[in-house]
Amino acid sequence: MTSSWNIGSLTRQSSRPVNVIVLVWFLVGMLRVSWIHAYLTRPTTTLTALRPTAAAAAFHTKVLSSQPTSESAAPSRIKLWEPLPRASSSSLLVLRQSSTSSGGSSSAAPSSVSLDELNEKIKVKGDEIRALKADGISKEDLAPYVAELLALKAQLPKEEDREADVVNTSLSSSSNQSPKPSKEKSKAKNSPASKKKVVEEVVEQEDESELRLNRLAKLAAIREAGVEPFAYTYSTTHSAQQLAHEYANRLENGQEDEAAHVSVAGRIMTRRFFGKLIFFTMQDETGTIQLQFDKSRLSEESLGRLKDWTDAGDIVGVRGSIRRTDKGELTVYAKEWVMLTKSVLPLPDKFHGLNDVTKRYRARQVDLIVNPVVRDTFRKRALIQSKLRRLLDERGFLEIETPVLQSQSGGAEAKPFETYHKSMDMDLTLRIATELHLKRLIVGGFERVYELGRIFRNEGVSTRHNPEFTSIELYQAYADYNDMIDLTEYLVCSIAEEVCGGLTLPYGEHTISLERPWRRVTMHDIVKEEIPGFEFNLDASLEEARAVAAQAGVPNTEDLASVGDVLNACFEELCEPKLIQPTFVIDYPVEVSPLAKPHRSKPGLVERFELFAVGREHANSFSELTDPVDQRLRFEAQARKKAAGDEEACDVDEDFLQALEQGMPPTGGLGIGIDRLVMLLTNSPSIRDVIAFPLLKPDLTKS
């Protein structure tokens, strides 16, 4: 008789060891099913982080209740990588621990209740510290609170476990989808320094997300009160700078100008609360001024809203009188205030600021808010450009715009950006210079023309190079490069006197003197200072010139095709970095100057100069070539270089040659790099410091 397959019959089989194995296998299978069921039906995970205000808690509840649900689906879970309800770093540990215990695991961490309480204390203390920092507490007064927080954190499990929790929780979604890294990259990512950096970034993002959520709650509260948090307009009577000038020698300490009725607007930078007395520091375009609010001027409701609704970074409007505090601070004594723009994101921490250079360039608007020196740099840049235009306009120059999209590049040796015009079925390039079109205007009868605009070159990026930059090119009929030297000195010195207040400027560790006249030296003579025993002239041997240059430390001399090319390479390598004070280097080899007129007395050279200061070029000028036959020969030589693989060489521009054949008068041309000029006059070490939004590689951390 065959027994049925049930537990009771299995225990009665004669082959007992086999039956026991089958029984154990069956029980393990049942346990697996129960574990899987417990995991799939575990309770909804919620964030344990408390919000610092009741309004924030209400907003948080409102957002969670608005999430879509389905009766047939399992309870919805809030993913940690979703941007809205993100927790602080201390809450992430609590979240992981509670999730583990609710999953039915029998290996829950011991003393989880005490750990939860400890995390809650850390969370509350962290909120308290953030609130104090937002209110402008000094670093010394904040120190005891930070010490308490560190003491609480010291009671947590060892740092490695907490770092692993934060990293694993925050990166779980992306790590599941990324390809398996190589062993070397894996070791680098798992190094202690790498883990610490990731943890710091995660904590910073979580703190900012929590503050953002709190501000969104305040935004909702403002609207619920029937107030529009984003105003349409506001009338002001004074700026911070105007008030400072107007009251520079007025009002004793503690005195008020009760007859004054001023209206100011700007961004809140700091807030200080002393019971019913409140002080804000407000910043506008011209500077900062203090605001005072108290219960003697404002209603209980208005004062309460000021406390509950405002944060550092908000833009407000204030009307009131002027007083000087007992400590001598000029202050707008508010009679009324209005929210003009509610800031959702916080400003950088006042103690650490915005110090990361790349972050400053990416978030230039924040850089401008918190760094007055940066605002001053761009204010000076605007003044430099407007002054330059005024000086040229006063001398009879006309600014005429030329095309940015061109059928072929020309006017300089540079690799262009290429694009395509769909409807016209044309391959085009972005301009690398404005030269050729401006010269065609000279041919057309204009005697003094210029254009200040953007230039695009597909080149490398450095502290002195950016793919798109600003330059000015000007052309004057019946002039030569000697006239352009005088004009360059006049323009730069006039701008420096107006923008910088004098002709002696600091630049890094150097002091630059712009007093005229500036040094003038030929390229041959300045190279001879570094290589005194050799003459780079028409009779020199190319092989000997290469050998001498290589011995002096000039790289890649074997690739140079002429003595003129070797001479130019020696200058760039040995001389240019040493030119700190303003210097005109004149009379260049014809090989490196395809658009300049041959020198009237020195064969093999052209009438050209470049202006150098602080080790870099700032201006370039020619006696312009007007001979169409000579110009065609030089274009053809450039075209051969391009055919041989030189990406920076230009083609034969038939339109420009046709214009020259119409006849161009003797002309002097000048080009000045605006970005580098601004660097010089504002003591800026990098070109990115003077370009508002420089080109940067994508920020991979955002993805």
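What is the length of the polar contact that joins the side chains of aspartate 311 and lysine 342? The first close-up answers this, and the others take us on a friendly walk through the rest of this predicted model.

**Figure 1. Aspartate 311 and its surroundings.** The side chains of aspartate 311 and lysine 342 are joined by a polar contact of 2.5 Å. Aspartate 311 sits in the loop that runs between helix 12 (300-309) and strand 4 (315-324). With a relative accessible area of 7%, aspartate 311 is buried, because anything under 20% falls in that class. Setting aside residues up to four places away in sequence, aspartate 311 touches Arg215, Lys218, Ile268, Arg271 and Lys342.

**Figure 2. The protein as a whole, as a backdrop for the close-ups.** Here we have 23 helices and 18 strands. The protein has 703 residues, and buried ones make up 43% of them. If you like contact maps, consider the contacts with a separation of 6 or more: residues 24 or more positions apart account for 67% of these.

**Figure 3. Phenylalanine 609 in strand 16.** Strand 16 spans residues 605-613 and holds phenylalanine 609. The relative accessibility of phenylalanine 609 is 0%, so this residue counts as buried. Leaving out neighbours within four places in sequence, the contacts of phenylalanine 609 include Tyr481, Met484, Ile485 and Thr488. Phe584, Val585, Ile586 and Tyr588 are also among them, and so are Ala619, Asn620, Ser621 and Leu670. Look for threonine 522 as well: it is 87 residues from phenylalanine 609 along the chain, with a C-alpha separation of 8.7 Å.

**Figure 4. Helix 19 beside helix 20.** Two packed helices are described by the angle between their axes and the distance between the axes. For helix 19 (residues 542-551) and helix 20 (residues 563-575), the angle is about 15° and the axes are 9 Å apart. The two helices are therefore roughly parallel to each other, as angles under 35 degrees are classed that way. Their crossing is left-handed. On the helix 19 side, the contact is made by Leu542, Ala545, Arg546 and Ala549, which meet Val563, Val566 and Cys570 of helix 20. By class, the residues of this contact are 6 nonpolar, no polar and 1 charged. In the loop between helix 19 and helix 20 you will find asparagine 556, which has a positive phi of about 55° although it is not a glycine.

**Figure 5. Valine 373 and the crossing of helix 15 with helix 23.** Valine 373 belongs to helix 15 (residues 372-394). Its relative accessible area is 65%, so valine 373 is exposed. Valine 373 and threonine 682 are 309 residues apart in sequence, with their C-alpha atoms 9.7 Å apart in space. Threonine 682 is one of the residues of helix 23 in the contact with helix 15. Helix 23 covers residues 674-682, and its axis comes within 10 Å of that of helix 15, at a crossing angle of roughly 120°. Helix 15 and helix 23 are therefore oblique to each other, and the crossing is right-handed. Thr377, Lys380, Arg381, Ile384, Gln385 and Leu388 are the helix 15 residues, and they meet Ile674, Asp675, Leu677, Val678, Leu681 and Thr682 in helix 23. These residues divide into 6 nonpolar, 3 polar and 3 charged.

**Figure 6. Helix 21 against helix 22.** Helix 21 (residues 628-643) and helix 22 (residues 654-662) have axes that come within 9 Å and cross at roughly 165°. That angle makes helix 21 roughly antiparallel to helix 22. Helix 21 brings Pro628, Gln631, Arg632 and Phe635 to the contact, and helix 22 brings Glu654, Phe656, Leu657, Leu660 and Glu661. The classes here are 5 nonpolar, 1 polar and 3 charged residues. The crossing of helix 21 and helix 22 is right-handed.

**Figure 7. Backbone details at proline 517 and leucine 251.** Which kind of peptide bond joins arginine 516 and proline 517? The bond is cis, with omega about 0°. Proline 517 lies in the loop between strand 13 (510-513) and strand 14 (519-522). Leucine 251 has a positive phi of about 70° although it is not a glycine. The loop between helix 11 (240-246) and strand 1 (256-274) is where leucine 251 is found. Its relative accessibility is 17%, so leucine 251 counts as buried.

Conventions: Residues numbered from 1 in each chain as written. Predicted model: local features only at pLDDT ≥ 70, side-chain atom pairs only at ≥ 80, totals over all residues. Heavy atoms only, no water. Axes fitted to C-alpha atoms, helices over the stretch in contact; angles between N-to-C directions. Helix = DSSP H or I, 4+ residues; strand = E, 2+ residues; numbered from the N terminus. Parallel < 35°, antiparallel > 145°, perpendicular 65-115°, else oblique. Left-handed = near helix turned anticlockwise from the far one by under 90°. Contact = heavy atoms within 4.5 Å. Nonpolar A, V, L, I, M, F, W, Y, C, P; charged D, E, K, R; others polar. Buried < 20%, exposed > 50% of the residue type's maximum accessible area, 1.4 Å probe, protein only. Polar contact = N/O pair within 3.5 Å; in protein donor to acceptor, adjacent residues only side chain to side chain.
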